Amino acid sequence: MKPRDDVRPDPDELLDRYDLRSEPVAGGRGMLRVFLGAAPGVGKTWQMLDEGRRLRAAGEDVVVGYVETHGRAETAARIGDLEIVPRRQIDYRGKLLEELDLETVIARHPDVALIDELAHTNVPGSRNEKRWMDIEELLDAGVDVITTVNIQHIESLNGTVGTITGVAVRETVPDWVLAEAAEVQLVDLSVPALIERLKAGKVYETARAEQALRGFFRAGNLTALRELALRQTASTVDDQLDSYMRGHEIDAVWGAADRILVVLDPDLPSDHAVRSAWRLAAGFRAELVALAVVSPGDTAARERLSAAVRLAEDLGATVHTLEHRDRIAAIAQAARDENASTLVVPYRPGQSLRSRLGGGFVDRLFEALDGVDVHLVEAAR
């Protein structure tokens, strides 16, 4: 097999090395940065304030648009000497409630606004229903925004989170809001450390903390939410990397993340290859993609592949069926398009791959690929 470096580059390292991070355009739309956490208490607001102070020290004009300290003295102290834009007070049912003063921040027009809790629902009577809508207006006005959100508030994950925790999360953020962010940075904390913070009263007051430990903050819940947050961040970085590679017409495979591509052969039983690919994907926690390549108009080949396609789909793979006259070229292009780290190919010992496919299937495949491991899996007889 063609060797590949054992150590794959880190996705964030690639983004920085090749200057993939989005940069604000002078006079244009502002840049959104998001600190993402698995649960309350991991330190998102703290990290946002630290970043604000760092930018201010570097000469940026930074204001605090809205920071929720939840009564934590250490969080309030982290604001330091950052300028705070006074909150807007809204009379709602005889009570004065405070919200982000969007109009004042737009008029102030800082370089950067720090605005906590992206998923927050504004008090009725506010300019916008949701805080993410306020942030969109600031971005449109050319103000960079740094904000925070927990994984349970992402719209597409709402049902998954409800199933895991048994808690219905009503405040959500559309996925496209995070997709447009120039950077989504994970603020991570181990489950035992977060539970200790909760018990120490650093997340909620004592009575609420005890209730949370019996419900949302159970160790199993937090572990699952942490994995969701890790995967969401990895997916965002992967999308940025893929967009850059396409935009710059980079054909090589950068094995920054594990993605397994299994070839479904119309002339060989592929079930064993599919199952082997699935085991690899499960071991690496990688995405599994199946590829079937048939000659144009070859309906018989499609029929022969139907069982393998169903198996791949049942195992959770994304399946692509392509019509192409050059099978090697199609496989190589798919490996590049998917940025595959490993290719799994069925073969039959004793049958001449060279005579069946011309020119040596494996040799030609190696020549067409760069930076991809190739696993040959014996097909059933």
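This is a selection-by-selection tour of a predicted model.

**Whole chain**

Start with the full chain, which holds 15 helices and 13 strands. Of its 381 residues, 46% are buried. Among contacts with a separation of 6 or more, 74% join residues that are 24 or more positions apart.

**Colour by confidence**

Colour the chain by pLDDT next. The mean is 82, and 82% of the residues reach 70 or more. Strand β6 has the highest confidence, at 98, while helix α14 (residues 353-357) has the lowest, at a mean of 43.

Select residues 1-9, where the pLDDT is below 50. Beyond near neighbours in sequence, this stretch has 20 contacts in the model. Then select residues 352-359, where pLDDT also stays under 50. Here the model has 15 contacts beyond four places in sequence. Where pLDDT is low, the predicted coordinates should not be read in detail.

**G30 and its surroundings**

Go to G30, in the loop between α1 (11-17) and β1 (32-37). Is G30 buried or exposed? Its relative accessibility is 12%, so G30 counts as buried; the cut-off for buried is under 20%.

Add L139, G142, V143 and D144 to the selection: leaving aside residues up to four places away in sequence, these are the residues that G30 touches. Now put a distance label between the C-alpha atoms of G30 and D111. The label should read 8.7 Å, for two residues that are 81 apart in sequence.

**Two positive phi values around β6**

Most residues other than glycine have a negative phi. The next two stops have a positive one.

Select H109, in the loop between α4 (102-108) and β6 (112-115). The phi of H109 is near 45 degrees, and this residue is not a glycine. With a relative accessibility of 38%, H109 counts as partly exposed.

Move on to E117, in the loop between β6 and α5 (131-140). The phi of E117 is positive as well, at about 55 degrees, in a residue that is not a glycine. The relative accessibility of E117 is 26%, so E117 counts as partly exposed.

**Helix α8**

Select residues 191-199, which form helix α8, and show the side chains. Which residues of α8 are buried? They are V191, L194, I195 and L198. These residues lie on the same side of α8, because they cover an arc of only 100 degrees around the axis. Looking down the helix axis is a convenient view for this step.

Then step just past the end of α8 to G201, which has a positive phi of about 75 degrees.

**The largest pocket**

Finish at the largest pocket. Rolling a probe the size of a water molecule over the atoms shows where empty space is left. The volume of the largest pocket is about 930 Å³.

To find the pocket, select P40, N150, H153, Y204 and R208, which are the closest to its centre among the 34 residues that line it. Which elements each supply at least two residues of the lining? They are α2 (44-57), α3 (73-78), β7 (144-150) and α9 (206-214).

Last, colour the lining by residue class. The lining divides into 12 nonpolar, 12 polar and 10 charged residues.

Notes:
Residues are numbered from 1 along each chain as its sequence is written. This is a predicted model: local features need pLDDT of at least 70, side-chain atom pairs count only at pLDDT 80 or more; totals for chains, interfaces and linings use all residues. Side-chain values use heavy atoms; hydrogens and water are left out. Helices (H or I, at least four residues) and strands (E, at least two) are DSSP runs, numbered from the N terminus. Buried means under 20% relative accessible area, exposed over 50%, partly exposed in between (1.4 Å probe, protein chains only). The arc is that of the directions from the helix axis to the C-beta atoms. On a 1 Å grid over the protein atoms alone, a cavity is a set of points where a 1.4 Å probe fits but cannot get out, and a pocket is an open set with protein on both sides within 12 Å along at least five of seven lines; lining residues have an atom within 4 Å of a point. Grid points are joined across faces, edges and corners, and a volume is the space filled by probe spheres set on the points. Ala, Val, Leu, Ile, Met, Phe, Trp, Tyr, Cys and Pro count as nonpolar, Asp, Glu, Lys and Arg as charged, and the others, Gly among them, as polar. pLDDT is the predictor's confidence in each residue, from 0 to 100. Contact means heavy atoms within 4.5 Å.
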